[in-house]
Amino acid sequence: MKALLLSEYRRLEVAELAVPEPGPDEVLIRVAACGICGSDVHGYDGSSGRRIPPIVMGHEAAGTIAKLGAAVTGWAVGDRVTVDSTIYCGECAPCLRGQINLCDRREVLGVSCGEYRRYGAFAEFVAVPARIVHRLPENLSFAEAALLEAVAVALHAVALVPIAAGSTALVVGAGTIGLLLQQALRVAGSERVFVADVDTTRLKLSRELGATKTLSTSENLVQQIAELTGGIGVDVAVEAVGKTETIRTTIDCTRKGGDVVLVGNISPEITLPLQKVVSRQLRLQGSCASAGEYPAAIAHLASRAIRVKPLISAVAPLDEGPQWFERLYAREPNLMKVVLTPGG
């Protein structure tokens with residue numbers, strides 16, 4: 001089969017690899033679409049430390065079942081499916097609590113980090129445990145389904161804090177996840193959702209997707225939020241960047257007793273304004289991946305309550321993968337989500 005192999009940092013090549021044989025509890029999927037995640041781009045140059053070559057990356061996948069493991073039931077060859085990116089054991093303490101995203105033996109599709117190496121879905125075929133497979137409705141295209149992992153991440157983050165009807169919310173960072181967070185907040189019941197970013201093109205897309213108001217972070221964001229909320233601040237703020245400066249600003253925009261959800265994960269460490277958090281009794285909530293939100297994500301996409309088509313900048317064959325990675329790595333303007341189609 002053809003696969004996009006990261007043979008060394010900053011070097012991707014279309015290689016011929018053996019088609020994986022599914023284990024007894026696995027299914028073999030013919031990959032129809034796989035999205036390029038920001039974490040893949042950070043892995044491309046080695047900055048994340050979680051894509052150690054050689055590795056086939058890719059975890060935002062959809063396709064059809066090509067083969068069943070001997071012990072798999074309830075599925076048939078040809079079924080249209082998507083897969084969760086998290087491979088969990090189902091037996092450890094976090095899994096038994098329902099926190100499969102925190103599994104003690106957690107692996108992520110398309111990741112190699114020293115502890116494990118799991119080839120991903122930038123390939124014509126990928127084998128995955130049947131328990132992480134989800135059925136796709138006919139009205140959902142494979143390209144759209146490639147964004148289900150990101151939608152599930154957004155839904156999980158929003159579900160971690162109480163969202164009262166009529167509440168106000170702020171999303172800092174209008175990348176793919178940020179634009180999905182704004183929609184997830186709406187679905188959860190937020191009446192007003194403000195979105196902040198430095199990129200005017202992304203803010204235009206945010207408005208098209210229903211943001212109450214978009215704000216430029218090149219201006220005083222705290223002052224802008226104060227004017228919009230009568231000096232109170234927002235009830236819930238979600239940070240989707242992961243840097244000290246944006247996290248500090250997000251905290252400053254949140255009302256006393258409010259909730260701050262941290263989704264952005266670029267910096268391994270940040271400087272926290274501790275006294276503000278304590279004296280204003282803010283709740284800081286980290287959010288990791290997703291934990292069972294795939295069915296809800298599929299339902300919201302199928303009903304168009306959450307829209308992902310406007311986020312897709314390009315759908316391209318696997319052979320063009322190296323060029324698209326370079327363009328994303330160079331932070332080409334107006335480029336959001338790129339979906340590769342290994343299976344044609």
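**Exercise 1. Is C95 buried or exposed?**

Work with the predicted model shown above.

*Solution.* Step 1: take the relative accessibility of C95, which is 9%. Step 2: compare this value with the cut-off for buried, under 20%. Step 3: conclude that C95 counts as buried. Now try the other cysteine, C92. Its relative accessible area is 7%, so C92 is buried.

**Exercise 2. Find out how many disulfides the structure holds, and explain why C92 is not bonded to C95.**

*Solution.* Step 1: the count is 0 disulfides. Step 2: look for the cysteine sulfur closest to that of C92. It belongs to C95, at 3.7 Å. Step 3: a disulfide needs the two sulfur atoms within 2.5 Å. The gap is therefore too far for a bond. Step 4: check from the other side. C95 is in no disulfide either, and its nearest cysteine sulfur is that of C92.

**Exercise 3. Work out which residues of helix α10 are buried, and where they lie around the axis.**

*Solution.* Step 1: locate α10 at residues 294–303. Step 2: list its buried residues: Y294, A297, I298, H300 and L301. Step 3: look down the axis. These residues fall within an arc of 165°, so they line one face of the helix. Step 4: recall the general rule. An α-helix has 3.6 residues a turn, so residues three or four places apart point the same way. Step 5: see what this face meets. The buried residues of α10 pack against β6, β12, α3, α4 and α5. Step 6: step past the end of the helix. Just after α10, R304 has a positive phi of about 70°.

**Exercise 4. Describe the open sheet of 6 strands, and say which strands stand at its edges.**

*Solution.* Step 1: write down the order, β15-β14-β13-β16-β17-β18. The pairing is parallel. Step 2: go to the edges. β15 (213–216) and β18 (283–286) each have a single partner strand, so one side of each lacks a neighbour in the sheet. Step 3: note the turn between neighbouring strands, 20° on average, direction ignored. Step 4: zoom in on one pair. Strand β17 (residues 254–262) is joined to β18 by 4 bridges. L262 has G286 in β18 as its bridge partner.

**Exercise 5. Place L170 in the structure and name residues in contact with it.**

*Solution.* Step 1: find L170 in strand β13, residues 168–172. Step 2: check its exposure. L170 has a relative accessible area of 0%, so it is buried. Step 3: set aside neighbours within four places in sequence. The contacts of L170 then include F194, I225, V236 and C253. Step 4: compare sequence with space for one of these contacts. L170 and V236 are 66 residues apart in sequence, but 6.4 Å apart in space, C-alpha to C-alpha.

Notes: Residues numbered from 1 in each chain as written. Predicted model: local features only at pLDDT ≥ 70, side-chain atom pairs only at ≥ 80, totals over all residues. Heavy atoms only, no water. Buried < 20%, exposed > 50% of the residue type's maximum accessible area, 1.4 Å probe, protein only. Helix = DSSP H or I, 4+ residues; strand = E, 2+ residues; numbered from the N terminus. Arc of directions from axis to C-beta. Contact = heavy atoms within 4.5 Å. Pairing = 2+ DSSP bridges. Axes fitted to C-alpha atoms, helices over the stretch in contact; angles between N-to-C directions.
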